[in-house]
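Biologist: Hello! I would like to learn how to read a protein model, one feature at a time. Could you walk me through one?

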Amino acid sequence: MNKILVANRGEIALRVMKSAREMGIQTVAVYSEADRNSPHVKYADEAVLLGPPPSNQSYLLGDTIIEVCKKLKVDAIHPGYGFLSENADFADKVEKAGITFIGPSSQSMRIMGDKLSAKEAAKKFDIPLVPGTEGAITDVEEARSISKEIGFPVLIKASAGGGGKGMRIVRNEEEVEEQMKLAVSEAKSAFGDGSVFIEKYVSSPRHIEIQVLCDKFNNQVHLFERECSIQRRHQKVVEEAPSSVLTPELREKMGQTALDVARSCEYIGAGTVEFILDENRNYYFLEMNPRLQVEHPVTEMITNVDLVKEQIKVARNEKLSFKQEDLSIIGHAIEVRVYAENPMENFLPDIGNLKAYQRPHGTGVRVDDGFEEGMDIPIYYDPMISKLVTYGKDREEARKRMIRACEDYVISGVQTTLSFGKYVMEHPRFIEGDFDTHFVDKHFDPKRLTEKSGAEEEVAAAVVAYLLENRKAQVAVKGGATTSKSSWKRNRTS
Ligand code: ADP
């Protein structure tokens, strides 16, 4: 494999190219008119303009991309995430054109691309599923009686769903009809497929996913879990590895179940098996993502495995060079997705020009991004600016490092989720590891972004108490003053 085309843009295109370059593989970028000056275009050995900014006239033009590959004698395509990465027809066409698709077979993608067929495949391996309907549902009366049977609240989900779209919570019988109609029309417009199904709504869930890696010689390993429960609009925004609630036994059990899910669709390459964990630590299979995930860096940090290199090696027909027993968790990693969104306005996209843009540096800080100072964030694509990842010998070190990195990161011209990331890091619930997917609804008060954060207030209160106590005892208060100084210093960016 001498040359790889990355059929994607921004941070993930760059991230893939960096691993390819380390392996001595040439890279080809594709880009739209909106991304002419993007770092991924400059970084690649060759770059080809696909067309105007809208993705259906550029990054989704599978046939054009295949033609580019033929012309430039490209050996393999890496699809990144989003765009064509889960398009089984595209994967088929790539392989038919004699080019390697760096990902699973189109057959595995077809099974896992649809939540209902994924559940069907998983059932054969006795994998725990959230109670719900086995097939698609169209009739409101049927939906009503099934929901009653399962017990409210229930969730209506789009079978072809992704990115948290096409999902409606139904709290009682009266809501079934309206929510069903909304879910079907959302599913039709977002995915061109109106099939929906019903699932029990797990009331206090955590989203835990397992990274798997499988070669073509029947070797499969899991690379432990990622905790992705901090979400807005059912979409992840803060992730970490490992999760603070998994015991070694549960981790091993979920890891083995994830490998069964992978086996159920004869999976090849890197993939992610997503689970929901309830209050009693029961887990249920949600879906499998047949591609690299946005949050893959936290796994790379704690396992020291470069997942993109492994994807490429598997695609080159190499055997996995390690076994399950060779893998272990070392340290802790946290990722904050830095979106051009306004956390004060319900995370509404806030695109514009990056007037100032300076990355944080230092020990244990990784920034995966695809922007430079002065660039515009295009309205046509996902508004993620970067992924800020910190690593520490333990969770506390990674967490404190993330607070420091959020403060050091300078972005102006657009609102970002950095302040939200810092808020999460300083929130007592996050510090204790005691949270679920409702963290934002339950614990996020946007007004507090402009005030002192909760943790700082607690430090301040503790300092005041300390001072009073010591004054009573007629003791000098120098030590307390030092503590308070550092907490006031942090205030400057809050
Ligand atoms: P998508 O493919 O759109 O991302 P998922 O099935 O992966 O959809 O679910 C996304 C998120 O929605 C989960 O991380 C979780 O927060 C929530 N969710 C999904 N299914 C359930 C459920 N049965 N009960 C409660 N929350 C759920």
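Modeller: Happily; we will go through the ligand site, then the sheets, then some backbone details. Please keep in mind that this is a predicted model.

Biologist: Let us begin with the ligand. Which residues come nearest to the ligand?

Modeller: A residue joins the shell if one of its heavy atoms lies within 4 Å of the ligand. Here there are 23 residues around the ligand, and Lys 115, Gly 164, His 207, Gln 231 and Glu 287 come nearest.

Biologist: What classes of residue make up that shell?

Modeller: The shell has eight nonpolar, eight polar and seven charged residues.

Biologist: Which strands supply at least two residues of the shell each?

Modeller: Look for strand E6 (154–158), strand E8 (196–200), strand E12 (269–277) and strand E13 (283–289). We will meet these names again when we turn to the sheets.

Biologist: And where does the ligand lie with respect to domain 2 and domain 3?

Modeller: The ligand lies between them, because domain 2 (131–200) and domain 3 (206–446) both contribute residues to its shell.

Biologist: Which backbone atoms should I look at around the ligand?

Modeller: Try three glimpses of the backbone. At Gly 164, a backbone N or O atom is 2.6 Å from an oxygen atom of the ligand. At Gly 162, a polar backbone atom is 3.5 Å from a ligand oxygen atom. At Lys 200, a backbone N or O atom is 2.9 Å from a nitrogen atom of the ligand.

Biologist: How much of the ligand's accessible area does the protein cover?

Modeller: On its own the ligand has 550 Å² of accessible area, and the protein covers 95% of that.

Biologist: Now the sheets, please. What is the general idea?

Modeller: Strands of a sheet pair through backbone hydrogen bonds, and the pairing is either parallel or antiparallel. In this model, one open sheet has three strands in the order E7-E6-E8, with antiparallel pairing.

Biologist: Why is one side of E7 and of E8 left without a neighbour in the sheet?

Modeller: Strand E7 (167–170) and E8 stand at the edges and have a single partner strand each, so one side of each has no neighbour in the sheet. From one strand to the next, the twist averages 25 degrees. To see a pairing, follow E6 and E7, which are joined in the antiparallel sense over four bridges. One residue to find is Leu 155, whose bridge partner in E7 is Ile 169.

Biologist: How many strands does the other open sheet have, and in what order?

Modeller: That sheet has eight strands, in the order E13-E12-E9-E10-E11-E14-E19-E18, and its pairing is antiparallel. E13 and strand E18 (365–369) are the edge strands, each pairing on one side only. E12 and E13 pair in the antiparallel sense over six bridges, and Val 273 stands opposite Met 288 in E13.

Biologist: Finally, what should I look for along the backbone?

Modeller: Most residues other than glycine have a negative phi, and most peptide bonds are trans. Now look at the exceptions here. The peptide bond from Phe 152 to Pro 153 is cis, with omega near -5 degrees; Pro 153 is in the loop between helix H7 (140–150) and E6. The bond from Ala 241 to Pro 242 is also cis, with omega near -5 degrees, and Pro 242 is in the loop between strand E11 (235–241) and helix H9 (248–264).

Biologist: What about the phi of Arg 233?

Modeller: Arg 233 is not a glycine, yet its phi is positive, about 55 degrees. You will find Arg 233 in the loop between strand E10 (220–232) and E11.

Note on methods. Residues numbered from 1 in each chain as written. Predicted model: local features only at pLDDT ≥ 70, side-chain atom pairs only at ≥ 80, totals over all residues. Heavy atoms only, no water. Polar contact = N/O pair within 3.5 Å; in protein donor to acceptor, adjacent residues only side chain to side chain. Areas by Shrake-Rupley, 256 points an atom, 1.4 Å probe, with all protein chains shown as cover. Nonpolar A, V, L, I, M, F, W, Y, C, P; charged D, E, K, R; others polar. Domains from an automatic or database assignment. Pairing = 2+ DSSP bridges. Axes fitted to C-alpha atoms, helices over the stretch in contact; angles between N-to-C directions.
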